[in-house]
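Me: I'm new to this one, so could you walk me through it with a few questions and answers?

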Amino acid sequence: MVQSLNRLKESPSQTAGPYVHIGLTPNFSGISGVIARDLGDEMVNDKTLGERIAIRARVLDGTGTPLKDALVEIWQADSAGLYNSPTEIRGTADPNFTGWGRKATDMTTGECLFQSIKPGRVPYKPGVLMAPHVSFWIVARGINLGLNTRMYFADEEAANAEDPVLARIEHRVRVPTLIAERQGDAYVFDIHLQGEKETVFFDI
Amino acid sequence: MSAETKHPPEIGAFFQRDRSWHPRGLTPDYKTSVLRSPEKALLSLDNTISEITGPVFGHGILGALDNDLIHNFAKPGESAIGERIIVYGRVLDERGNGVPGALLEFWQANAGGRYRHKKEGYIAALDPNFGGCGRTITDEDGAYAFRTIRPGAYPWPNGVNDWRPAHIHFSVFGHGFAQRLITQMYFEGDPMIWQCPIVRTIPDKAAVEMLVAALDMQATIPMDARAYKFDIVLRGRRSSVFENRLEGN
């Protein structure tokens, strides 16, 4: 016998279920008067620095049908490439930008809309920058453990070409699944859970 | 935004998730998972600063009744119908340290198993004094508590006669986006636990048992509410500050 490592196991995940909105976006689900405003509803204010963008995201199942009961959270750096987090040690992020947003997909269209800013670049390791990106976390009925992916920007071709995470995708045909095209004032990001167009998901 | 802590924040990468301990994506007895699970392998990514960081919420976001589901939707002077309980515990990391400043959000059905949600059509009645959502933030030791009523079991369209055990959904934030977790709490002694296709997405019995809250008569308040203890473990993080020298970039 050897000594115990004295570690605990992580609590196992369970699906968020079809009624995730009750807990995480109660006002969206029709429960008013408990909390004033759904958390993560607003990422920016009048003073937020950087280029305003909208992100229109959908989550599609293996038949191409949009999920109308998914919940999507995003996390991103501010316009200078700093995260609004106590574990950000490189500087102080823009106090007028939360960096974190949360939306339920629309119960009719399956779309969710984030009003945000274009993130700056952040380091992969010293001397190596990643391309601007937004981290996504997706939960829903039928998803047993939240799925992690990233959205990159189609108009950042040069940065995307040298991004060390995108570079690790062996099957180059799958790289475009992480790149959002600009349509009008919005970046459009379709997340395919399964099938030929399956989005690259990460074990982070 | 940050919680008050005595030590500078730890900034190491998180321990790799044990994906054989968690449910797999494809668990066909839980039918909805069949078309909602990736078929291709996940791309492993040792944490960058994008995963190590995450939002942290201050106690200032909380309202006075956010952790009291018996009253936070009730009309003045009234309260929700059902078995009054306290759910308490700690949020820990895999190294056994308490996680302070962790935001917990929870949601559940009422005592009859009915959710307050427009897509829910179960014949059991709504309780006019019960909304079913709440939230709290852990203290400096990682401890939390809230009051609620014990939810009922309810049927769902999976098999023709599948019923969920009584459960409370939990959403947990640690300090990094990679710690994000949603899970469900079950109740000690409920015979429905071991029948449930969603519980059974978890391959290991010991992992299921981590989600079963223990009845705690010592923490019970006589003539008021019984107590259940439910600890939650989030991913631990590597402690070395040397391997993550991101400054200067």
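Me: How many salt bridges are there between chain A and chain B?
Reply: Keep in mind that this is a predicted model. One of the bridges joins A:Asp203 to B:Arg19, with the closest N and O atoms 2.9 Å apart, which is inside the 4 Å cut-off. Counted between chain A and chain B, the salt bridges come to seven.

Me: What about polar contact, how many residue pairs does the rule find across the interface of chain A and chain B?
Reply: Both residues of a pair have to be at pLDDT 80 or more. With that condition, the number of pairs in polar contact is 46.

Me: How much area do chain A and chain B bury between them?
Reply: Chain A brings 80 residues to the contact, and chain B brings 94. Carbon and sulfur atoms account for 60% of the buried area. The total comes to about 7,800 Å².

Me: Which residue of chain B does A:Phe202 stand opposite?
Reply: Strand 11 of chain A runs parallel to strand 1 (residues 43–44) of chain B, and two bridges join them. The partner sits in strand 1 of chain B. Opposite A:Phe202 you'll find B:Leu43.

Me: And inside chain B, which residue is the bridge partner of B:Ile85?
Reply: Strand 2 (residues 84–93) and strand 11 (residues 226–229) of chain B run parallel, joined by four bridges. Strand 11 of chain B also pairs with strand 10 (residues 212–215) of chain B, in the antiparallel sense. For B:Ile85, the partner in strand 11 of chain B is B:Arg226.

Conventions
Residues numbered from 1 in each chain as written. Chains lettered and ligands numbered in written order. Predicted model: local features only at pLDDT ≥ 70, side-chain atom pairs only at ≥ 80, totals over all residues. Heavy atoms only, no water. Contact = heavy atoms within 4.5 Å. Buried area = accessible area lost by both parts, 1.4 Å probe. Salt bridge = Lys/Arg side-chain N within 4 Å of Asp/Glu carboxyl O. Polar contact = N/O pair within 3.5 Å; in protein donor to acceptor, adjacent residues only side chain to side chain. Pairing = 2+ DSSP bridges.
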